[in-house]
Amino acid sequence: MTKAFTREPDVGGPEEEEDGPLEPRSPAGAKNYITPGGYRRLQEELKELAVTIRPEVARVVSWAAENGDRSENGDYIYGKRRLREIDRRMRFLTKRLRAAEVVEPKGRDVPGVFFGATVVVEDEEGERRTYSIVGVDEIDLERGRISWISPMARALMKHREGDLVSLRTPGGRREVQILSVKYIPFD
């Protein structure tokens with residue numbers, strides 16, 4: 001049998017599962033809520049992968065394959081691995097976009113904390129923090145965007161301005177007061 005009919009070894013082990021282990025996921029049976037901005041970013045990433053990145057990597061792999069022996073051809077081996085990673089990410093994004101339920105936070109007229117809210121809280125020491133409750137695909141801790149399934153968001157849900165909310169943290173129980181709740185658009 002020629003080398004052309006043998007299967008390449010899967011390199012990488014368990015971290016190369018179908019969608020990767022570090023991809024965010026909603027709880028089983030839960031909807032994949034997402035803001036319009038988050039949905040748009042996922043669509044843009046998928047388009048960039050499909051239209052620009054994947055064709056360029058495929059071109060490099062094709063060129064490397066023409067150079068002969070593939071077993072020690074770094075461009076070919078790395079390129080094939082990169083194509084698998086890109087394909088896996090594209091499958092993941094396609095699934096997430098299909099399952100997405102876009103929720104527009106702007107202009108919501110609800111008195112409490114729900115998906116899409118931007119909440120300002122103050123702890124016992126007087127430290128203020130702002131959190132925006134977004135979908136699991138939009139988490140950005142540096143910008144204060146937390147998932148609607150995170151412990152912090154779940155504790156804040158359905159509370160109103162002025163409420164004291166008890167949080168269980170690694171350092172013990174803490175209380176925060178909700179100073180404001182707004183529904184503004186996210187970029």
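User: In this predicted model, at what angle do helix α1 and helix α2 pack, and how far apart are their axes?

Analyst: Helix α1 covers residues 36-65 and helix α2 covers residues 74-99; they pack at an angle of about 160 degrees, with axes 9 Å apart.

User: How do I turn that angle into a direction?

Analyst: Angles over 145 degrees count as roughly antiparallel. That's why α1 and α2 are roughly antiparallel to each other. As for handedness, α1 passes α2 in a left-handed crossing.

User: What sort of residues make up the contact of α1 with α2?

Analyst: You'll find 18 nonpolar residues there, along with three polar and eight charged.

User: On to the sheet. In what order do the strands run?

Analyst: Read across it as β5-β4-β3-β7-β6: five strands, an open sheet, mixed pairing. At the edges sit β5 (145-147) and β6 (164-169), each with pairing on one side only. From one strand to the next, the twist averages 45 degrees.

User: Can you walk me through one strand pair?

Analyst: Sure. β3 (residues 118-123) pairs with β4 (residues 128-134) over five bridges, in the antiparallel sense. To get your bearings, find Thr 118, which stands opposite Ser 132 in β4.

User: And how do I read the nonpolar core?

Analyst: The general idea is that in soluble globular proteins, nonpolar side chains tend to be buried together. Here, the largest nonpolar core has 22 residues, and those touching the most other members are Val 113, Val 119, Val 121, Ile 133, Leu 156, Val 165 and Ile 178.

User: Which element gives the largest share of this core?

Analyst: That's α3, with four residues. At least two residues each come from β3, β4, α3 (151-156), β6 and β7 (172-182).

Terms used
Residues numbered from 1 in each chain as written. Predicted model: local features only at pLDDT ≥ 70, side-chain atom pairs only at ≥ 80, totals over all residues. Heavy atoms only, no water. Pairing = 2+ DSSP bridges. Axes fitted to C-alpha atoms, helices over the stretch in contact; angles between N-to-C directions. Parallel < 35°, antiparallel > 145°, perpendicular 65-115°, else oblique. Left-handed = near helix turned anticlockwise from the far one by under 90°. Nonpolar A, V, L, I, M, F, W, Y, C, P; charged D, E, K, R; others polar. Core = buried A, V, L, I, M, F, W, Y, C linked by side-chain atoms within 4.5 Å. Buried < 20%, exposed > 50% of the residue type's maximum accessible area, 1.4 Å probe, protein only.
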